[in-house]
Amino acid sequence: MAETQVRFGILGCADIARKVSRAIALASNATVTAIGSRSLDKAKAFASANNLPTDAKIYGSYEAVLDEPDVDAVYVPLPTSLHARWAVLAAQKKKHLLLEKPVALNAAEFDTIIEACESNGVQFMDGTMWMHHPRTAKMREFLSDKERFGQLKSIHSCFTFAVNSEFLKNDIRVKPDLDALGALGDVGWYAIRSILWVADYELPKTVTALHGPVFNEAGVILSCGGCLYWEDGQVATFYCSYLSNLTTDITAIGTKGTLHLHDFVIPFQEHEASFSAGTELGFNELVTAWVPQPSKHTITTHLPQEVLMVKEFASLVEGIKVKGSRPDKKWPTISRKTQLVLDAVKASIERGFEPIELGS
């Protein structure tokens, strides 16, 4: 029996939409039925360049996609400053919402999006793709094993990549009116999410920004970092930057074990991904080698992580449409916690690197 296909509309022609439109095409339970841009010519060019279905509707506005009856869900890769307006409107039009990160400019703004989703019975998910890779579930098994990993003590995460002068001048991620959170909202989102994932989404008690953030002339963050502290003594650090070589690392240290990976955002290879895990590591008698050595674990997948994200989202949407299920609150809850920590880092910077206590 053929799978029901969830019908997607795409708002905007951002570069990341190329990757996600491919993911929708590769997902057996999804298809693109509409694309909209403020420029009809741009929407037509996107549809042609990305091999959208020949019967996909092409519109010269975002509103037309939201009014399209053959659209069940929308993917929204618009600049962060536009998220609240279009995400709320999408929910009010009963369109399920796959929203690019960062989800909002702040948690209060995100709450208006979630309120609209909940009151209209639509599913929400953000576009953090690595969450859906099978490696992520396999690493969770190690972190949850008290005999192999023990009690979590420390987490370190970073996501950096070196941009060129064109990016620093013209990319929307360095424009205060489009993506005012800059590197913190973009690459910092991934680093913060990875810390919360390792900590099983327990929010820290306080967040303190690291000294020395770098801003552009417009006041947008180009690099920064922070420390997170929990009441039980756990500590985490992160660093995010547009000014350093490409690095996407997570280290999680427990009382008995350690987890390492170096490609958590996008795997080195599309169809396989690895991580290193070690338990009760030590040195040999002469302190010339490790005994035992960490083990490498490789997980293969025939579908890339972005396709698995689309499939999971579409499955949740199908459950609501066909089976009368309620929207899954797991994903908006995780998004909100990520946004809360991001907000706290920004607040700490603005207040002279004071510790910021997290509320709910």
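**View 1. The lining of the largest pocket mixes residue classes.** By class, 24 of the lining residues are nonpolar, twelve are polar and eleven are charged. The model shown here is predicted. In total, 47 residues line the largest pocket. Its volume is about 1200 Å³. Nearest the centre of the largest pocket lie Ala14, Asp15, Ile16, Ile172 and Arg173.

**View 2. Helices and a strand contribute to the pocket lining.** Three elements give two or more residues to the lining of the largest pocket: helix H1 (15-26), helix H8 (182-198) and strand S12 (247-254). Which element gives the largest share? That is H8, with five residues.

**View 3. Helix H5 packs against helix H10.** Two packed helices are described by the angle between their axes and the distance between the axes. H5 spans residues 107-119, and H10 spans residues 330-350. Their axes lie 9 Å apart and make an angle of about 165°. H5 is therefore roughly antiparallel to H10, because angles over 145 degrees count as roughly antiparallel. The crossing of H5 with H10 is right-handed.

**View 4. Side by side, these residues form the contact of H5 with H10.** From H5 come Ala107, Phe110, Asp111 and Ile114. They meet Pro332, Ser335, Arg336, Gln339, Leu340 and Asp343 of H10. Sorted by class, the contact has five nonpolar, two polar and three charged residues.

**View 5. A cis peptide bond precedes proline 102.** Most residues other than glycine have a negative phi, and most peptide bonds are trans. The bond between lysine 101 and proline 102 is cis. Its omega is about -10°. Where does proline 102 sit? The loop between strand S5 (96-99) and H5 holds proline 102.

**View 6. A cis peptide bond also joins valine 291 and proline 292.** Here omega is about -5°. Proline 292 belongs to the loop between strand S14 (272-279) and strand S15 (295-300).

**View 7. Aspartate 200 has a positive phi.** The phi of aspartate 200 is about 55°. This residue is not a glycine. Which elements flank the loop of aspartate 200? H8 lies on one side of that loop, and strand S8 (206-209) lies on the other.

Conventions: Residues numbered from 1 in each chain as written. Predicted model: local features only at pLDDT ≥ 70, side-chain atom pairs only at ≥ 80, totals over all residues. Heavy atoms only, no water. Axes fitted to C-alpha atoms, helices over the stretch in contact; angles between N-to-C directions. Helix = DSSP H or I, 4+ residues; strand = E, 2+ residues; numbered from the N terminus. Parallel < 35°, antiparallel > 145°, perpendicular 65-115°, else oblique. Left-handed = near helix turned anticlockwise from the far one by under 90°. Contact = heavy atoms within 4.5 Å. Nonpolar A, V, L, I, M, F, W, Y, C, P; charged D, E, K, R; others polar. 1 Å grid on protein atoms, 1.4 Å probe; cavity = no way out; pocket = protein on both sides within 12 Å on 5 of 7 lines; lining within 4 Å. Points joined across faces, edges and corners; volume = space filled by probe spheres on them.
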